[in-house]
Amino acid sequence: MTPYRVLIHGAGIAGPALAYWLARHGYRPTVVEQAKELRSGGSAVVVKEPALTVARGMGILTRLREVATASGALSLLGPDGRQLLRVPTTSPRSVEVTRSDLSATLHQAARDDAEFLFDDTITGLRQDRSGVEVTFRRSPPRRFDLLVGADGIHSPVRRLVFGPAERFTTGLGMYGATVPVEPAALDDPEAAVMLTAPGRMLTIHPSRGKPLAMFTFRGGRVPGYDRHDTALHKRMVAEAYAGIGWRSPELVEAYQDHPAPFFDPLANVRMDKWSHGRVVLLGDAASTVALLGDGSSMAMAGAHALAEALAAHPGDHARAFQAYEAKHRRQVDPRHRRVGLVASLLVPRTRHGLALRNVAVRAVGLAARTRNTLPAKQNSRV
């Protein structure tokens with residue numbers, strides 16, 4: 001039997017993870033990525049269960065621990081910039097890495113058994129009963145048995161097959177922005193340092209070699225908002241952090257001086273169905289839960305679930321997609337229900353909310369100290 005040819009759109013986290021597992025099951029995966037190369041930089045992400053089990057099965061957990069970030073604690077500051085409390089964030093049951101290091105590690109695991117096409121993207125597709133005809137911006141048209149959209153919250157595949165993003169995306173009334181800063185900007189090379197004011201949060205994260213300033217703030221809808229308008233993004237950051245104190249002037253200035261800082265509204269993606277015909281969505285393209293910090297873990301777990309479902313139902317993609325969705329929704333749906341509470345704790349609207357949040361952080365810190373003194377379970381070993 002000829003191996004199924006599967007096109008995966010997106011080489012971030014979910015895409016290469018899926019390519020790895022599909023190749024192990026005898027599929028022929030091709031991954032297309034619109035960027036010219038794997039993207040560098042990016043915020044830190046925490047790899048935790050169920051993704052730790054997936055990473056262990058791929059043989060990459062040792063590598064992830066080698067490239068772990070330098071951050072082992074969170075230092076929470078008061079309005080005057082003085083430390084209110086410091087809580088540990090390391091755990092034998094998780095590993096924090098930069099998103100770019102996670103992506104590179106997954107790509108290295110998959111690249112020998114999958115075709116990768118960079119600097120290209122899908123421009124159109126047409127399904128029939130036996131396959132999917134795909135046109136590309138640069139490459140000649142090709143035919144595949146299945147198409148997977150693993151291309152993020154702004155997924156082109158989702159737009160082409162399911163419709164405009166507005167049908168599935170719910171904004172949180174918040175924005176996230178990041179910019180790399182010089183190592184000298186660090187107050188503490190081993191801790192993320194966070195200042196929170198009503199409706200605004202400012203963090204310096206040590207990352208791994210290149211610290212990152214992170215802006216998370218509340219704001220209403222902007223008429224005529226364009227996610228490609230860097231000048232608008234810089235103006236919004238400057239206005240949001242005017243007068244917040246601490247080191248905001250120099251960090252805002254770093255954001256203004258950078259040619260292409262990151263900026264995006266924080267939003268959730270929820271869909272009634274993740275597949276249509278021979279096309280299926282994976283990772284943030286199917287289900288984004290902003291603020292919880294485990295999107296990468298969910299992407300890896302979803303990739304494994306999809307590959308296992310396809311292997312369990314050879315030649316029957318409809319049953320496979322159904323099985324994948326049923327299993328993975330049990331992981332992501334509860335997270336959607338928690339996002340409102342997380343938003344109120346992470347960026348409180350009022351000073352009273354800040355005080356309550358700090359009490360909660362202290363409780364979490366005490367629990368973390370207790371937990372980390374206990375022996376790690378067997379499944380936490382490399």
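This tour proceeds through a predicted model, one selection at a time.

**Helix 1 and helix 4**

Begin by selecting residues 14–24, which form helix 1, together with residues 99–110, which form helix 4. Two packed helices are described by the angle between their axes and the distance between the axes. Here the angle is about 20 degrees and the axes lie 8 Å apart. Angles under 35 degrees count as roughly parallel, and helix 1 and helix 4 are therefore roughly parallel to each other. Their crossing is left-handed.

Next, display the side chains where this pair meets. On helix 1, select Pro 16, Ala 17, Ala 19, Tyr 20 and Arg 24; on helix 4, select Leu 106, His 107, Ala 109 and Ala 110. Coloured by class, this contact of helix 1 with helix 4 shows seven nonpolar residues, one polar residue and one charged residue.

**Pro 50, helix 2 and helix 8**

Move to Pro 50, in the loop between strand 3 (44–48) and helix 2. Inspect the peptide bond that runs from Glu 49 to Pro 50: the bond is cis, with omega near 5 degrees.

From there, select helix 2 (residues 51–58) and add helix 8 (residues 295–312). These two helices pack at an angle of about 60 degrees, and their axes are 8 Å apart. That angle makes helix 2 oblique to helix 8. The crossing of helix 2 and helix 8 is left-handed. To see the contact, show Ala 51, Val 54 and Ala 55 of helix 2 against Ser 297, Met 300, Ala 301 and His 304 of helix 8. The residues of this contact comprise five nonpolar, two polar and no charged.

**Helix 6 and its surroundings**

Which residues of helix 6 are buried? Select residues 230–240 and highlight Leu 232, His 233, Lys 234, Met 236, Val 237 and Ala 240; these are the buried positions in helix 6. To see what they pack against, add strand 12 (169–180), strand 14 (200–205), strand 15 (212–218), helix 7 (248–257) and strand 16 (262–269).

Now keep helix 6 and helix 7 in view. Their axes come within 10 Å and cross at roughly 175 degrees. That makes helix 6 roughly antiparallel to helix 7. On the helix 6 side, the contact is made by His 233, Lys 234, Val 237 and Ala 238, and on the helix 7 side by Val 252, Tyr 255 and Gln 256. By class, the contact of helix 6 with helix 7 consists of four nonpolar residues, two polar residues and one charged residue.

**The loop between helix 6 and helix 7**

Three selections belong to this loop. Start with Gly 245, in the loop between helix 6 and helix 7. Gly 245 has a relative accessible area of 28% and is therefore partly exposed. Draw a distance from its C-alpha to that of Val 87: the two are 158 residues apart in sequence and 23 Å apart in space.

Continue to Trp 246, found in the loop between helix 6 and helix 7. Trp 246 is not a glycine, although its phi is positive, at about 50 degrees. With a relative accessible area of 23%, Trp 246 is partly exposed.

Is Arg 247, in that loop, buried or exposed? Arg 247 counts as buried because its relative accessibility is 14%, and the cut-off for burial is under 20%. Show its side chain with that of Glu 250; the two make a polar contact at 3.0 Å. Leaving aside neighbours within four places in sequence, select also Ala 184, Ala 185, Leu 186, Asp 187 and Ile 204, with which Arg 247 is in contact.

**Ser 207**

Go on to Ser 207, in the loop between strand 14 and strand 15. Ser 207 has a positive phi of about 50 degrees, although it is not a glycine. At 6% relative accessibility, Ser 207 counts as buried.

**Lys 273**

The final stop is Lys 273, in the loop between strand 16 and strand 17 (275–276). Which residues does Lys 273 touch, not counting those up to four places away in sequence? Select Phe 162, Glu 325 and Arg 329 to display these contacts. Then add Ala 286, which is 13 residues away from Lys 273 along the chain; the separation between their C-alpha atoms is 8.5 Å.

Note on methods: Residues numbered from 1 in each chain as written. Predicted model: local features only at pLDDT ≥ 70, side-chain atom pairs only at ≥ 80, totals over all residues. Heavy atoms only, no water. Axes fitted to C-alpha atoms, helices over the stretch in contact; angles between N-to-C directions. Helix = DSSP H or I, 4+ residues; strand = E, 2+ residues; numbered from the N terminus. Parallel < 35°, antiparallel > 145°, perpendicular 65-115°, else oblique. Left-handed = near helix turned anticlockwise from the far one by under 90°. Contact = heavy atoms within 4.5 Å. Nonpolar A, V, L, I, M, F, W, Y, C, P; charged D, E, K, R; others polar. Buried < 20%, exposed > 50% of the residue type's maximum accessible area, 1.4 Å probe, protein only. Polar contact = N/O pair within 3.5 Å; in protein donor to acceptor, adjacent residues only side chain to side chain.
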